[in-house]
Amino acid sequence: MSRAYNFCAGPAALPTAVLEQAQQEMLDFQGKGLSIMEMSHRDKVFVDIAEKAEQDLRDLMGISDDYAVLFLQGGASTQFAMVPMNLLGEGETADYINTGQWSRKAIKEAARYGNINVAASSEDTHFTTVPPQDSWKLSSNPAYVHYCPNETIGGLEYSFIPEVGDTTLVADMSSTILSRPLDVNRFGLIYAGAQKNIGPAGLTLVIVRKDLLGKAADTVPAMLNYQTHADNGSMYNTPPTYAWYLAGLVFEWLKKQGGVAEMAKINQRKAEKLYGFIDDSAFYSNPVEVISRSQMNVPFVLADDRLDKQFLAEADAAGLLNLKGHRSVGGMRASIYNAVPEAAVDALIAFMAEFESKNA
Ligand SMILES: *Cc1c(COP(=O)(O)O)cnc(C)c1O
């Protein structure tokens with residue numbers, strides 16, 4: 001068996017050790033004679049797995065009892081609707097910062113439910129910058145401020161947490177959660193699709209301060225009301241049990257690596273190496289302002305885009321997979337989440353250097 005290096009933006013690489021454990025436990029989970037997938041979510045065996053996963057996440061992120069942790073479905077895209085459905089009251093306004101494709105989608109969806117004020121946008125720089133906070137035009141009393149700390153497609157990451165006083169701060173952390181330490185107390189609500197830095201697709205994580213529960217109108221469907229899931233331990237209906245179990249294995253793995261502080265050091269090293277190489281080369285380039293470059297998603301273009309196809313084919317043959325950039329941006333993108341080892345970045349840089357020497 002050989003595992004390639006996978007730079008996919010999502011669903012993304014998972015730690016090999018996690019997959020091996022899942023493989024080993026798949027047919028007969030700890031002597032129970034069945035797979036997790038075949039087990040009731042009410043079974044004590046699964047409830048224990050679920051509770052441990054939540055506790056490990058709370059430990060990793062330092063999440064206090066003031067917050068509920070929800071294991072949901074529907075992806076981050078469903079959160080684009082659930083956030084306003086639960087937090088935006090009749091006649092209220094919510095502020096959004098537009099820094100890329102995912103912010104834009106969140107704004108478009110939220111606008112279906114209430115008044116949305118786009119308080120700042122970096123569309124005029126093609127989303128290669130984060131608008132400085134002193135340029136934001138926040139409304140006088142917004143229900144919340146929403147932003148996307150790491151824009152997965154453009155490779156743009158905020159170098160700061162917005163300062164919004166007592167206003168509720170909401171963040172789409174799909175592609176940055178668990179990549180570095182975070183002060184959760186700065187946020188009212190954090191959400192993330194699992195398939196980037198948590199586990200397999202099909203699971204969506206929501207961390208919500210408990211005082212924000214119970215604000216949804218009566219017309220909001222039970223399944224789209226955070227209160228429903230908080231009241232039922234995310235088991236109001238059948239949760240995505242296997243994805244939840246796998247996320248739990250990833251949390252255990254993260255703890256073994258030394259937690260998010262240790263991952264942050266490795267992630268910084270990986271990103272610095274790759275950006276450093278790109279910046280030193282006249283053949284590759286990255287358009288994002290240096291201070292706002294993503295540590296997780298590194299887009300880059302070749303000086304001559306006629307070489308793109310050849311680059312991707314040769315990378316593939318060298319076991320470096322899924323480097324094609326998003327269709328809206330073009331070029332290449334290397335996603336280097338927690339589960340992508342430093343050796344993968346080293347191999348990518350060696351490949352890029354060789355490709356450059358042959359084709360520049
Ligand atoms: C991938 C991604 C999404 C979409 O997630 P789904 O789970 O596919 O709905 C939203 N926001 C960000 C920042 C993402 O990276």
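Select Ala76 and the ligand: a polar backbone atom of Ala76 is 3.1 Å from an oxygen atom of the ligand. The model is a predicted one. Add Ser77, where an N or O atom in the side chain is 2.6 Å from an oxygen atom of the ligand. Then add Lys196, which has a polar side-chain atom 2.6 Å from an oxygen atom of the ligand. Alone, the ligand would expose 380 Å², and the protein buries 87% of that.

Widen the selection to the shell around the ligand. It holds 13 residues, and those that come nearest are Ser77, Thr152, Asp172, Gln195 and Lys196. Which helix gives the largest share of this shell? Colour residues 75–87: this is helix α3, and it supplies four residues of the shell.

**The largest core**

Hide the ligand and select Ile177, Leu178, Ile198, Tyr245 and Phe251. These have the most contacts inside the largest nonpolar core, which has 57 residues. Now show residues 241–257, helix α6, which gives the most to this core with eleven residues. Colour the two domains separately, 22–256 for domain 1 and 258–359 for domain 2; both give residues to the core, so it lies between them.

Centre on Leu178 and show what it touches, leaving aside residues up to four places away in sequence. The list includes Leu57, Leu60 and Met61, then Asn197 and Ile198. Phe251 and Leu254 also touch Leu178, as do Val260, Met263 and Asn338. Another core, of 29 residues, lies apart from the largest one; Tyr275, Phe277, Ile278 and Ile349 are among its residues.

**Arg293**

Tyr275 is also a way to the next stop, as it is one of the residues that Arg293 touches. Select Arg293 in the loop between β11 (284–285) and β12 (297–302). Is this arginine buried or exposed? Its relative accessibility is 13%, so Arg293 counts as buried. Its side chain makes a polar contact with the side chain of Asn286, at 3.1 Å. Beyond four places away in sequence, Arg293 touches Gly155, Glu157, Asp279 and Val288, as well as Tyr275 and Asn286.

**Ser103**

Go to helix α4, residues 101–110, and pick out Ser103. With 1% relative accessibility, Ser103 counts as buried. Show Glu151 as well: the side chains of Ser103 and Glu151 make a polar contact at 2.3 Å. Other residues touched by Ser103 include Ile97, Asn98 and Cys148.

**Backbone details**

Select Gly10 and Pro11 and look at the bond joining them. The peptide bond is cis, with omega about -10°. Pro11 belongs to the loop between β1 (5–6) and α1 (16–25).

Move on to His126, in the loop between β4 (115–121) and β5 (145–147). Its phi is near 55°, a positive value in a residue other than glycine. Phe127 is found in the loop between β4 and β5 too, and its phi is near 60°, again positive in a residue other than glycine.

Show both side chains to finish. Which of the two counts as buried, and which as exposed? His126 has 68% relative accessibility and so counts as exposed. Phe127 has 10%, under the 20% limit, and therefore counts as buried.

Methods: Residues numbered from 1 in each chain as written. Predicted model: local features only at pLDDT ≥ 70, side-chain atom pairs only at ≥ 80, totals over all residues. Heavy atoms only, no water. Core = buried A, V, L, I, M, F, W, Y, C linked by side-chain atoms within 4.5 Å. Buried < 20%, exposed > 50% of the residue type's maximum accessible area, 1.4 Å probe, protein only. Helix = DSSP H or I, 4+ residues; strand = E, 2+ residues; numbered from the N terminus. Domains from an automatic or database assignment. Contact = heavy atoms within 4.5 Å. Near = heavy atom within 4 Å. Polar contact = N/O pair within 3.5 Å; in protein donor to acceptor, adjacent residues only side chain to side chain. Areas by Shrake-Rupley, 256 points an atom, 1.4 Å probe, with all protein chains shown as cover.
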